[in-house]
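Colleague: Please take me through the empty space inside this protein. I would like a close look at the enclosed part and whatever surrounds it.

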Amino acid sequence: MKTIPFFKMSGSGNDFIVIDNREQMVPEAQLHQLVVGACRRKMSVGADGMILIEPSDSVDFKWRFFNADGSLPDMCGNGARCAARFSFIHGIAGRQMAFETLAGTIEASVGDDSVKIRMTQPRDLKTGYDLDMGGERVAVASINTGVPHVVMVVDDIEGLDVVEMGRRIRHHRDFAPAGTNANFVTIGKEGQVFIRTYERGVEDETLACGTGNVAAALILAHERGLRSPVTLTTRSGGNLTVHFKTQGGRYQDVFLEGDARVIYSGELWEEAWRS
């Protein structure tokens, strides 16, 4: 039986199946089935998404990133950091690298077990507006940091039903048809920023979301005056740090930094993903 070597990796609790697909070992005709099947928790490896590392004509490599439901988002910050460390470990790229994503070229710098990536230019910043949530109006802000994000500042982040509220925002008519990711943040008494995220494509709360952390940091900088770098504590308890510069009311030179851990390596059997 043909098996597929893979790494299981985690970026601050956001977990991924990473495969070196430069020799096209992944069966293209069954790709959607492979992604959805392998990402099932308890029934297979289980992950928030799958990353395929593939050849590039212009930079070190390109990736194809898939959410657990098989959808193909433009960008994933934590996934990008894991892809960078995987590629360094396998000799695909050096510590300083660049790779193609649907959101554009990503630059990365790999440390011992952490990775810092340059994010694509954020766009579509919109602050100080309300969403009609079935008669209740809630104050939100939004920005695209490679994928669309809504950010809501809340008083009780622990007591919030992130899945219920996140799902309502994710499917809100104002963000149709593509939908959005939903992030909830609170600033503690000592200035520590806590964040929880409902991710589109995973359709659940995840332990961390890189692009969501970037979105929250930039919106808090805009609305609350936070200065770079901004460190946020994710649901996993791990920290992600966002670096940025401000010029003319715009954010640029945006970087995301945090851990990118190898959890284990193995071989994916066909029966692990076939229904």
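Modeller: Here is a walk from the enclosed space to its cysteines, then to the open pocket and a helix. Keep in mind that the model is predicted.

Start with the enclosed space. The structure has 1 cavity of 30 Å³ or more. The volume of this largest cavity is about 90 Å³. Its lining runs through Phe65, Asn67, Pro73, Met75, Cys76, Val147, His149, Asn181, Glu199, Arg200, Cys209 and Thr211. Sorted by class, that lining has 6 nonpolar, 4 polar and 2 charged residues.

Now the cysteines. Cys76 and Cys209 both line the largest cavity. Are they bonded or unbonded to each other? The sulfur of Cys76 is 6.5 Å from that of Cys209, its closest cysteine sulfur, and this is too far for a bond. A disulfide needs the two sulfur atoms within 2.5 Å. Cys76 itself counts as buried, at 7% relative accessibility. The total for the structure is 0 disulfides. Cys39 is likewise in no disulfide; the cysteine sulfur nearest to it belongs to Cys76, 11 Å away. Cys39 is buried too, with a relative accessible area of 5%.

Next, the open space. The largest pocket holds about 270 Å³. Its lining has 15 residues, and those nearest the pocket centre are Asp124, Ser142, Asn144, Pro148 and Phe175. Three strands give two or more residues each to this lining: E8, E9 (136–144) and E10. By class, the pocket lining divides into 6 nonpolar, 5 polar and 4 charged residues.

Two of those strands come up again at helix H3. E8 (123–133) and E10 (148–153) are among the elements that cover the buried residues of H3. The cover also includes E11 (181–187), E12 (193–199) and E13 (204–206). Which residues of H3 are buried? In this helix, residues 162–170, they are Val162, Met165, Gly166, Ile169 and Arg170. Viewed down the axis of H3, the buried residues fall within an arc of 135 degrees, so they line one face of the helix.

The cavity lining can be placed against these strands as well. His149 lines the cavity, and E10 spans 148–153. Asn181 and Glu199 are further lining residues; E11 covers 181–187 and E12 covers 193–199. Pro148, in turn, is one of the residues nearest the centre of the largest pocket.

How values were computed: Residues are numbered from 1 along each chain as its sequence is written. This is a predicted model: local features need pLDDT of at least 70, side-chain atom pairs count only at pLDDT 80 or more; totals for chains, interfaces and linings use all residues. Side-chain values use heavy atoms; hydrogens and water are left out. On a 1 Å grid over the protein atoms alone, a cavity is a set of points where a 1.4 Å probe fits but cannot get out, and a pocket is an open set with protein on both sides within 12 Å along at least five of seven lines; lining residues have an atom within 4 Å of a point. Grid points are joined across faces, edges and corners, and a volume is the space filled by probe spheres set on the points. Ala, Val, Leu, Ile, Met, Phe, Trp, Tyr, Cys and Pro count as nonpolar, Asp, Glu, Lys and Arg as charged, and the others, Gly among them, as polar. Buried means under 20% relative accessible area, exposed over 50%, partly exposed in between (1.4 Å probe, protein chains only). Helices (H or I, at least four residues) and strands (E, at least two) are DSSP runs, numbered from the N terminus. The arc is that of the directions from the helix axis to the C-beta atoms. Contact means heavy atoms within 4.5 Å.
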